[in-house]
Amino acid sequence: MSQQQWSAVDGYFTDLLGADDEVLRAAQRESDAAGLPPIAVTAHQGRLLHLLARIRGARRILEIGTLGGYSTIHLARALPEDGRLVTLEYAPHHAEVARANIARAGLADRVEVRVGPALETLPILDAEGGEPFDLVFIDADKDNYPHYLEWSLRLARVGAVIVLDNVVLGGAVLDPAAGGVRAQGVRTTLELLAKDPRLDATAVQTVGDKGWDGFALAVVTG
């Protein structure tokens, strides 16, 4: 199978199952025009996040890594009117683009974009003592994934779903020494998922528009 075929199947799923619309396409266009890197989830991956949030009945969602807000929109659309999504973005320019995209989607009333290194904003969230989160989506710098997982466990309720993107990295997860700090961070995180008694987890590899990659999925059990 080739990249062209993988992308064609992605397009078929997206068109057939209604994973995309003009609001989402506009968010992609604005992100591209603003010079953001093309690393957002694909349309049907975003739809998967949306469905996971609905299945969980999430009222509170934490996203680590906003980029242009594309995945944020998918997730926030799953929230009830009184739901809340907090998304953490390192780069001020990315956050500015994301806020505009989220507002255009009509979701500004339930989404808060916080700017700064996540390892600085996560302790602030913890200190504020708000309600625990029902779903956490981690899609940021891979070398800090182990820390993000630990903070997610601290901030999530029992029964919460944690989703981690990009855990295959084109196969680099098999050779973290050669894959650099990103692969090492993912590998360490997967080992934490395997041994932490508070989690039940699995991982799935995928192919598509973004090549060969995958995600990990965990439920907080205690």
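**Close-ups of two pockets and a surface patch**

**View 1. Helices around the second largest pocket.** Helices α1, α2 (22–33) and α3 each chip in at least two residues to the lining of the second largest pocket. The top contributor is α2, which hands over four residues. Keep in mind that this is a predicted model.

**View 2. Inside the second largest pocket.** The volume here comes to about 250 Å³. The lining of this second largest pocket runs to 21 residues, and Gln28, Ala40, Val41, Tyr70 and Lys210 sit nearest its centre. Sorted by class, that lining holds 10 nonpolar, seven polar and four charged residues.

**View 3. The largest pocket.** This one encloses about 960 Å³ of space. Its lining takes in 50 residues, with Ile39, Asp139, Lys142, Asp165 and Asn166 nearest the centre. Elements giving two or more residues to the lining include the helices α1, α3 (43–56), α4 (70–76) and α6 (118–128), along with the strands β2 (84–89), β5 (156–165), β6 (199–208) and β7 (211–220). On the chemistry side, the lining of the largest pocket splits into 24 nonpolar, 16 polar and 10 charged residues.

**View 4. A nonpolar patch on the surface.** Val9, Tyr12, Phe13, Leu16 and Leu17 together make a nonpolar surface patch of about 510 Å². One of them, Val9, belongs to helix α1 (residues 3–17). How exposed is Val9? Val9 has a relative accessible area of 36%, so it counts as partly exposed. Patch members need over 30% relative accessible area, and Val9 has 36%.

Technical notes. Residues are numbered from 1 along each chain as its sequence is written. This is a predicted model: local features need pLDDT of at least 70, side-chain atom pairs count only at pLDDT 80 or more; totals for chains, interfaces and linings use all residues. Side-chain values use heavy atoms; hydrogens and water are left out. Patches are made of residues with over 30% relative accessible area and no salt bridge: like charges are joined within 9 Å, nonpolar side chains (Val, Leu, Ile, Met, Phe, Trp, Tyr) within 5 Å. Accessible areas come from the Shrake-Rupley method with a 1.4 Å probe; for residues, only the protein chains shown count as cover. A salt bridge is a side-chain nitrogen of Lys or Arg within 4 Å of a carboxyl oxygen of Asp or Glu. Buried means under 20% relative accessible area, exposed over 50%, partly exposed in between (1.4 Å probe, protein chains only). On a 1 Å grid over the protein atoms alone, a cavity is a set of points where a 1.4 Å probe fits but cannot get out, and a pocket is an open set with protein on both sides within 12 Å along at least five of seven lines; lining residues have an atom within 4 Å of a point. Grid points are joined across faces, edges and corners, and a volume is the space filled by probe spheres set on the points. Ala, Val, Leu, Ile, Met, Phe, Trp, Tyr, Cys and Pro count as nonpolar, Asp, Glu, Lys and Arg as charged, and the others, Gly among them, as polar.
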